[in-house]
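Q: Could you take me through this model, beginning with the sheet and then turning to the salt bridges?

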Amino acid sequence: MSASETLRQEAEPRGTWEDVRDLPPSAKLVAKVLEYNDTMTQQQIAEETLLPARTVRYALNRLDEENVIRSRFSFSDARKRLYSLDIDA
């Protein structure tokens, strides 16, 4: 990650639960699952929520638009991304 990416990520305001309230039910479910599980891959989220992979992708995109999740590459498998909740309490 470059220094400009780090600064850009730090400059973005963190989301709140109010931002999640108006999202689709699938995004709310993914947010709750991430609240109880620290960091998960998309596949793990799909298995935990029993949602199709496409629905999980959509939910993660919506949560990312609201700045309520963080994602990073997995060090063990660079093809995968790890997602975690990033909400102001």
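The exchange below concerns a predicted model.

Q: What is the strand order in the sheet?
A: The sheet is open and has 3 strands in the order β1-β3-β2, with antiparallel pairing.

Q: Which strands stand at the edges?
A: β1 (40-41) and β2 (69-73) do; each has a single partner strand, so one side of each lacks a neighbour in the sheet.

Q: How many bridges join β2 to β3?
A: There are 5 bridges between β2 and the antiparallel strand β3 (residues 81-85). Within this pairing, R70 is opposite S84 in β3.

Q: And which helix packs on the sheet?
A: Helix α3 (residues 25-36) does, touching β1, β2 and β3. The direction of α3 makes about 90 degrees with that of β3.

Q: Changing topic: how many salt bridges does the structure hold?
A: The structure holds 6 salt bridges. One of them joins the side chains of R14 and D86, at 2.9 Å from N to O.

Q: Where do R14 and D86 lie in the chain?
A: R14 is in the loop between α1 (3-11) and α2 (17-21), while D86 is in the segment after β3, 72 residues apart. R14, R70 and D86 are linked in a network of salt bridges.

Q: Is D86 buried or exposed?
A: D86 is buried, at 14% relative accessible area, whereas R14 is partly exposed, at 42%.

Q: What about R21 and E18?
A: Their side chains form a salt bridge (2.9 Å, N to O). Both residues lie in helix α2, 3 residues apart, about one turn of the helix. R21 is exposed, at 51%, and E18 is partly exposed, at 49%.

How values were computed. Residues numbered from 1 in each chain as written. Predicted model: local features only at pLDDT ≥ 70, side-chain atom pairs only at ≥ 80, totals over all residues. Heavy atoms only, no water. Pairing = 2+ DSSP bridges. Helix = DSSP H or I, 4+ residues; strand = E, 2+ residues; numbered from the N terminus. Contact = heavy atoms within 4.5 Å. Axes fitted to C-alpha atoms, helices over the stretch in contact; angles between N-to-C directions. Salt bridge = Lys/Arg side-chain N within 4 Å of Asp/Glu carboxyl O. Buried < 20%, exposed > 50% of the residue type's maximum accessible area, 1.4 Å probe, protein only.
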